[in-house]
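Hi everyone, thanks for making time for this. I'd like to walk you through one structure today, going feature by feature, so let's put it on the screen.

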Amino acid sequence: MKAETQASFMKWRYFRQGLFFGVVRLSALIITLALLGIIAFLVVNGWKAVTWGFLTLPPTDSMTKGGIMPAIVGTFYLTVGAICVALPLGVVSAIYLTEYAKQGLFIRIIRVGVNCLAGVPSVVFGLFGLGFFVVFLHFGSSILAGSLTLGILILPTIIGAAEEALKAVPQTFREASLALGVSKWRTISRIVLPSALPGILTGAILGVGRAAGETAPIMFTAAAFFTASLPKSIFDEVMALPYHIYVLATAGTHIEQTRPLQYGTALVLIALVLGIDLVAIVIRSMVRRKKRW
Amino acid sequence: MEIRKRALTSRIREVLIRNLFAFFAFLSVLLLGLIVLFLFREGLPLFKQITVSQFLFGSAWYPTYNPPEYGIWPLIVGSLIVTILACLIAVPFGLLAAVYISEIAPLRIKEILKSVIELLAGLPSVVLGFFGMVIVAPWMQETFDLPTGLNIVNASVMLAVMAIPTISSISEDALYAVPREFKEASYALGATKYETIVKVAVPAAFSGISTAVILGMARAIGETMVVLMVAGGAAAIPRGIFDSVRPMPASIAAEMGEAPFQSGHYHALFATGIVLFFITLAFNLIADYLSNRFKEEGSGTL
């Protein structure tokens with residue numbers, strides 16, 4: 001009798017485990033399906049809209065026809081600008097945090113600051129960009145203001161990635177270099193940075209992907225409904241892919257009529273962003289596999 | 001002499017570089033300060049017109065009426081409701097996915113699922129908002145026979161999709177950091193894998209998991225495009241979960257374009273930004289505190 005209850009208890013324990021594993025697998029499956037579903041939905045509805053003309057022509061007929069070329073160009077400028085701001089700052093910050101700083105209040109404050117900066121809502125970055133770059137510094141709504149705002153937004157991402165890459169460089173590399181009498185700065189610039197470069201690159205690519213997809217920070221700082229010509233200087237407003245989707249989907253008088261354009265733009269945007277992310281993921285896994293140390 | 005001079009310049013250079021780098025590293029903190037400064041600069045003039053409690057707890061948001069009313073209580077309530085509901089969806093999914101990745105999945109599936117979650121995190125919010133607008137909203141309206149599909153539930157589901165990667169990846173790190181010995185001890189006592197996960201690994205990673213949940217909430221409450229496109233935009237206290245709401249970020253993003261420069265409305269939107277900023281800042285500081293506590297507890301302290 002006793003053995004029997006024990007056996008049934010064991011059975012129950014394994015049944016419970018099986019049930020739990022089932023639920024866990026199911027939720028992992030649902031998450032995967034959610035991603036695939038969203039992508040599939042955009043591909044199915046959008047692929048017909050994405051033609052060569054769609055990619056290379058400006059919008060026509062008050063944005064109900066034509067292409068999205070200015071938005072692609074605008075997103076490109078904004079993203080390149082953002083990475084130009086964030087990459088040097090981020091790498092230098094990460095070098096300080098990993099190579100120079102000692103535990104203490106100063107570094108504690110910096111870490112909390114970086115974490116909090118990472119948590120600032122994107123629309124608040126937009127407000128800050130408007131208040132500081134657009135109004136206070138008189139940049140106006142422009143590529144410059146938008147790039148700086150996006151650059152600050154992705155700064156914590158870059159710092160985090162660069163820090164991780166620097167930490168992954170074995171301590172023995174530094175010790176060997178220092179033991180040869182090489183100064184600290186030379187050790188960092190000749191030994192540590194080159195070893196960490198692939199990791200830093202991955203972080204930078206992920207930052208680019210993030211910047212390309214953001215809408216709220218550029219709404220008040222750079223993005224325009226429509227520009228007749230391509231930007232000529234960094235003080236011009238630009239169209240941008242994410243903002244273009246938002247405008248077409250919500251603000252037009254022909255919302256239903258422009259659906260194909262919306263799907264097409266959304267497809268181009270996720271192809272761009274997820275493509276960029278995928279490149280980063282592949283580079284990272286290649287680097288991990290090929291690691292010489 | 002020559003050598004000594006070179007050593008000296010080299011030392012000076014080292015000190016210069018160190019201080020320069022320290023300054024750039026400190027820039028993140030300065031930027032945070034600048035954000036606060038400029039939010040206040042553009043937001044505080046509102047309080048010459050109305051009091052802080054009128055602003056925070058006023059139940060009417062009619063910024064374009066004459067006279068205008070700037071009560072953001074309905075916006076705060078809207079933000080909180082969609083955030084809480086989104087977390088009710090995202091926490092189980094995120095946590096279970098983390099458990100799957102760190103404890104159960106075979107190596108190959110683990111790699112794939114990690115990439116899936118990373119790509120999900122990279123999905124532009126405007127695309128999710130668009131998806132919610134053109135697919136989920138019409139479906140919901142028809143299936144549940146609602147006046148509109150742009151409502152709290154729809155926004156919460158879309159926000160949950162954005163919060164899942166945050167929750168999952170941080171929880172996974174926390175579970176990964178649980179010392180092997182804990183699990184081995186549990187197995188040695190005859191516990192099943194399920195019992196080890198639920199009674200040993202998850203409790204040991206608890207503070208890391210709470211950090212994950214809090215950061216997920218911060219992500220959801222600050223998310224703009226999804227709530228702007230999907231929450232419906234009604235600035236009223238909702239009576240049910242199928243009502244429309246106008247969370248704070250949506251209000252800022254939708255109205256800033258139309259608000260006349262330096263008007264009461266403009267200042268009110270910046271003041272809303274201040275509220276949003278400090279809510280997320282509080283979340284982040286709590287998360288930071290929790291994650292530091294959790295770092296210190298290794299196998300030695302338990």
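Let's begin with a quick sanity check on helix α6 of chain A, residues 143–167. It has 25 residues, and at 1.5 Å a residue these should span 36 Å; the end C-alpha atoms are 34 Å apart, which agrees. Before I go on, please keep in mind that this is a predicted model. The helix also has a bend: α6(A) turns by about 40° at I154(A), and a proline, P156(A), follows within four residues. How many of the residues of α6(A) are buried? The count is 19 of the 25, so the helix is largely enclosed by the rest of the structure.

One residue of this helix takes us to the charges. E163(A), in α6 of chain A, forms a salt bridge with R111(A), at 2.9 Å from N to O. R111(A) lies in helix α4 of chain A, so the pair ties together parts that are 52 residues apart in sequence. The two ends sit in unlike surroundings: E163(A) is buried because its relative accessibility is 8%, under the 20% limit, while R111(A) is partly exposed at 31%.

Over all chains, a search of the whole structure finds 13 salt bridges. Here is one for those of you who like interfaces: E195(B) pairs with R13(A), and their closest N and O atoms are 2.7 Å apart. This bridge crosses between chains, from helix α8 of chain B, residues 193–204, to helix α1 of chain A. Are E195(B) and R13(A) buried or exposed? Both are buried. In general, side chains of opposite charge can pair when their charged atoms come close.

Another bridge joins E214(A) and R210(A), with 3.3 Å from N to O. E214(A) counts as buried at 10% relative accessibility, and R210(A) as partly exposed at 33%. Coming back to the interface, salt bridges that share partners join R13(A), R16(A) and E195(B) into one network.

Now for the rings. The structure holds 34 aromatic pairs over all chains. Take Y96(A) and F106(A): their ring centres are 6.2 Å apart and their planes stand at 80°, so the pair is edge-to-face. Y96(A) belongs to helix α3 of chain A, residues 69–100, and F106(A) to helix α4 of chain A, residues 105–119, with their positions ten residues apart. Y96(A) is buried, with a relative accessible area of 7%, whereas F106(A) is partly exposed at 36%.

A second edge-to-face pair is made by Y263(A) and F130(B), at 5.4 Å centre to centre and 70° between the planes. Y263(A) lies in helix α11 of chain A, residues 259–290, and F130(B) in helix α5 of chain B, residues 125–143, so the pair joins two chains. Both of these residues are buried. There is also a cluster linked by ring pairs, made of F128(A), F132(A), F133(A), F136(A), F139(A), F235(A) and F38(B).

Next, the surface. L26(A), L29(A), I30(A), L33(A) and L36(A) form a nonpolar patch there, with about 460 Å² of accessible area together. One of them, L29(A), is found in helix α1 of chain A, residues 2–46, and is partly exposed with a relative accessible area of 46%. As a reminder, an α-helix has 3.6 residues a turn, so residues three or four places apart point the same way.

For the backbone enthusiasts, some dihedrals. Most residues other than glycine have a negative phi, and most peptide bonds are trans. Which residue in the loop between α5 and α6 of chain A has a positive phi? That is H138(A), at about 60° although it is not a glycine, and with 68% relative accessibility it counts as exposed. In chain B, D145(B) has a phi near 55°; this residue sits in the loop between α5 and α6 of chain B and counts as exposed at 67% relative accessibility. As for omega, a cis peptide bond joins N66(B) and P67(B), with a value of about 0°. P67(B) is placed in the loop between β1 and β2 of chain B.

One last contact, from chain B. V153(B), in helix α6 of chain B, is buried with a relative accessible area of 16%. Its C-alpha atom is separated by 6.1 Å from that of I241(B), 88 residues apart along the chain.

That's my tour, and I'm happy to go back to any part of it.

Notes: Residues numbered from 1 in each chain as written. Chains lettered and ligands numbered in written order. Heavy atoms only, no water. Expected span 1.5 Å × (residues − 1). Bend = angle between axes of the 7 residues up to and from the residue. Buried < 20%, exposed > 50% of the residue type's maximum accessible area, 1.4 Å probe, protein only. Patch = residues over 30% accessible without salt bridge, like charges linked within 9 Å, V, L, I, M, F, W, Y side chains within 5 Å. Areas by Shrake-Rupley, 256 points an atom, 1.4 Å probe, with all protein chains shown as cover. Salt bridge = Lys/Arg side-chain N within 4 Å of Asp/Glu carboxyl O. Phe/Tyr/Trp six-rings, centres within 6.5 Å; stacked < 30°, edge-to-face > 60°.
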